[in-house]
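Colleague: I'm new to this one, so could you walk me through it? I'll keep asking how you know.

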Amino acid sequence: MSRGRFITFEGPDGSGKSTQIRLLGGYLMKKGIDVVYTREPGGTRIGEKIRYIILDPENSEMDPLTEAMLYAASRAQHVAEVIRPALYEGRTVLCDRYIDSSIAYQGYGRGLGEIVSCVNDLAVGGLGPDLTIFIDIAPASCFERIGRSDGDRIESEDITYHEAVYKGYLRLAADHPDRVRRVDGSRDVRAVRDDIRTIVDLMDWDGII
Ligand code: TYD
């Protein structure tokens, strides 16, 4: 049996990723593709505990390196327990955020740079997505969509931080044009959905369908 496809979704907070993942999952299932949905940070019992520590607004003294390593620790468990087994069973994994989030939020947002890729390579043993959908929407528009007053520890960072994260995403899209596919997220849900379907239909599904 051929290994399943690994598709990740990336973008600023409030970019509409979760809605689009569900829509794509339904579309793929109708084609007979066996889909697993998951998310980061979290996706496992241990990962959800780590997620709680990372996002708790009370943990305001958290050092950026601690933050990056906690995301990577959650990811290591997620890969070992959920993602790798599913892929080897021939299932297609749709994951809400993955290493690119760490590169954007910790690498660019917190200014940790290259360290983030090193820590994550170690955490996942080199397992990378086949395709990444980057829902491109400027942070200022996301701020308007979701508001910030009661956000988690990352969401409630100021606009300067979120602009740096966004810059990171643009850089990632430019550096990996074959893997990271940009979709204009400022349009209505159906337009975004249709673009994603077109991109995914063009993927190599050999051995899967
Ligand atoms: P979540 O509620 O899942 O946000 P969203 O629905 O926008 O994906 O919270 C995850 C937060 O953690 C989000 O602000 C992005 C941030 N994050 C990182 O900073 N680094 C990472 O590696 C990941 C996976 C998420």
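Modeller: Start with helix H7, residues 159-175, which lies across E1, E4 and E5. This is a predicted model, where local features need pLDDT of at least 70, side-chain atom pairs count only at pLDDT 80 or more, and totals for chains, interfaces and linings use all residues. Numbering runs from 1 along each chain as its sequence is written, and side-chain values use heavy atoms, with hydrogens and water left out.

Colleague: What makes H7 a helix and E4 a strand?

Modeller: Both are DSSP runs numbered from the N terminus: helices are H or I with at least four residues, strands are E with at least two. H7 covers 159-175 and E4 covers 131-136, so both qualify under that rule.

Colleague: And at what angle does H7 run to E4?

Modeller: About 140 degrees. Axes are lines fitted to C-alpha atoms, for helices over the stretch in contact (heavy atoms within 4.5 Å), and angles run from 0 to 180 degrees between N-to-C directions. Helix H3 (residues 64-88) lies across strand E1 (6-10), E2 and strand E3 (92-96), at about 145 degrees to E3.

Colleague: How do you know that E4 and E5 are paired?

Modeller: Two strands pair if DSSP finds at least two bridges between them. Five bridges join E4 to E5, which run parallel, so they pass that test. Ile135 stands opposite Val183 in E5.

Colleague: What is the strand order in the sheet?

Modeller: The open sheet has five strands in the order E2-E3-E1-E4-E5, with parallel pairing. Strand E2 (35-39) and strand E5 (180-184) each have a single partner strand, so one side of each has no neighbour in the sheet. From one strand to the next, the twist averages 20 degrees.

Colleague: Which residues come nearest the ligand?

Modeller: Asp13, Tyr71, Arg97, Ser102 and Gln106, out of 15 around the ligand; a residue counts as near if one of its heavy atoms lies within 4 Å. H4 gives the largest share of that shell, four residues.

Colleague: What makes Asp13 a polar contact of the ligand?

Modeller: A polar contact is a pair of N or O atoms within 3.5 Å. An N or O atom in the side chain of Asp13 is 2.6 Å from a ligand oxygen, so the pair fits. For Gln106, a side-chain N or O atom is 2.8 Å from a ligand nitrogen.

Colleague: What is unusual about the backbone here?

Modeller: Most residues other than glycine have a negative phi, and most peptide bonds are trans. Arg97 has phi near 80 degrees, a positive value, and the Glu40 to Pro41 bond is cis, with omega near -10 degrees.

Notes. A polar contact is a pair of N or O atoms within 3.5 Å; within protein, one must be able to donate a hydrogen and the other to accept it, and residues adjacent in sequence count only if both atoms are side-chain atoms.
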